[in-house]
Amino acid sequence: MNRENIYNMKGFTKVFKFTLVQTFKNSAYRLSFFLFVIIMTIMGPLQYIMSRNSMETARDSFEADFDDTKLKNVYVINNTSVDFDFEYVVGAVEEENSNIEGYEIASKYIPVIDDEGMKVGNVHFIMTDKSYDELKNELGKDEAVTLIKKIDEGYEVSGIISDDSEVETGEIDDAAGYIRTYFEQARLKDVNISESDIKKITSGLDTDGVITESDYLAEQNKTITGDKYFTYILGFSVIVMMIISLSNSFIIASVTEEKQSKLVESLLVSVRPMALLMGKICGMMGYVLSILACGFIGSKLSDFIMNNIMKVDSTQYSGAGFDFSLFKSFGPSGIVILLVALILGYLTFAVIGGIMGSSCSKVEDTQNATGTVMMIVMLGYMGAIFVGIADKPMLNTVLAFIPPFSYFSAPIMYVTGRIGLGVLLGTFLIQIIILILLVLLCAKVYRTLILSDSSTPKIMQILKTARQ
């Protein structure tokens, strides 16, 4: 008697076509297509409008603080080599206000220069050559100091008040934030960065915390850093998690349903076990790629609306939020790398899902199977978030080689310059080896598991079945 070839793919094409057609016949999956296009289309305009509203609200409350505050005098001490003066601040503020609707109303917030310094609302900013030690004993209850200094990590602007001050902490924070914002622009201008580049760099500037030298140098070298890098890694991780979750639930449910209805016994007469599972996986991958295409189309429609209807320059909203438009952010080579990474991740988790689904005897078992896959997915997702927050060279390199973290973070680390091509190729090699091993395992156990009526076996039992 001839022994069956466990790698035989007879019937693969039929299963592939059937799965793809059934997916598009499903009303829930069709609805997903329309929702993706709509969401991706309105994502850009919606985020831009929300961002503008937040900026206007923040500016209104910020300016109101200068009109209604106990703070009267703020002494500015610049202990850096950056040429920072009030004339530059006034010029920057005037340029900002000139782009605001109702400029006449906004113009009352433009600082006024006098013999002593600069006045904004009721607050008088006074540049001084005195040290903080000389000033600290002279500060009144309605006065404060903003100290600009160089530290190991970069630059820091601190707000300081006297022990008996009547000034609220938030008010001196506002004053220090005001100076910090324009000091950041001044130091970029000090190294001959153009005005247009300064606008891009300081767009959405977070004035909380320390301005680090690494961020400063990264901006000079035009690399992706800070919040923008985290946005990319978060966006890609969400896409990977969403696609894996969606496809695995379908694969596990489909395999379990066929097994429970005994339909699989009829299918195996004309279709080989490996062809049955791989047809499902590849058919579902066709749906996944269609989702990406819809997401890309939606992002293009979003760009069209922003550029041609709302008349907004792309620099004011590009890279905002996380959506499928991130695939176009890194050029053709970036698209290829992200798609290869996404396909490898999808196939790997889909095979795991297929094996887990084949071990389910009833619908209730699918919860455990899906939970196992999602536990691995969430581990990789949370690891990617941690990598994005930490952003340390050694940590990036190490985790780029370790699944499941590498599926969610390695491609973004490469396209943003965190790891080199050699590390990325090593990552892909490890992922391909894991995929091949999983396919070999699936070939050995799939027929036995899918024809078995036993309860959901554990991982060790699946491996034992493969050895037998």
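Here are a few friendly notes on strand β5, its neighbours and one residue of helix α12.

1. A word on the basis: this is a predicted model, where local features need pLDDT of at least 70, side-chain atom pairs count only at pLDDT 80 or more, and totals for chains, interfaces and linings use all residues. Residues are numbered from 1 along each chain as its sequence is written, and side-chain values use heavy atoms, with hydrogens and water left out.

2. Strand β5 (143-151) is largely enclosed by the rest of the structure, because 7 of its 9 residues are buried. Buried here means under 20% relative accessible area, exposed over 50%, and partly exposed in between (1.4 Å probe, protein chains only). Helices (H or I, at least four residues) and strands (E, at least two) are DSSP runs, numbered from the N terminus.

3. β5 has two pairings worth a look. With strand β1 (residues 73-79) it pairs in the parallel sense over 7 bridges, and V74 has A144 of β5 as its bridge partner. With strand β6 (residues 154-161) the arrangement is antiparallel, joined by 8 bridges; there, K150 is matched with Y155 of β6. Two strands pair if DSSP finds at least two bridges between them.

4. D142 sits in the loop between α5 (132-135) and β5. At 31% relative accessibility, D142 counts as partly exposed.

5. Turning to helix α12 (residues 331-358), you will find L338 there. L338 has a relative accessible area of 0%, so this residue is buried. Its C-alpha atom is separated by 8.6 Å from that of F236, although the two residues are 102 residues apart along the chain.
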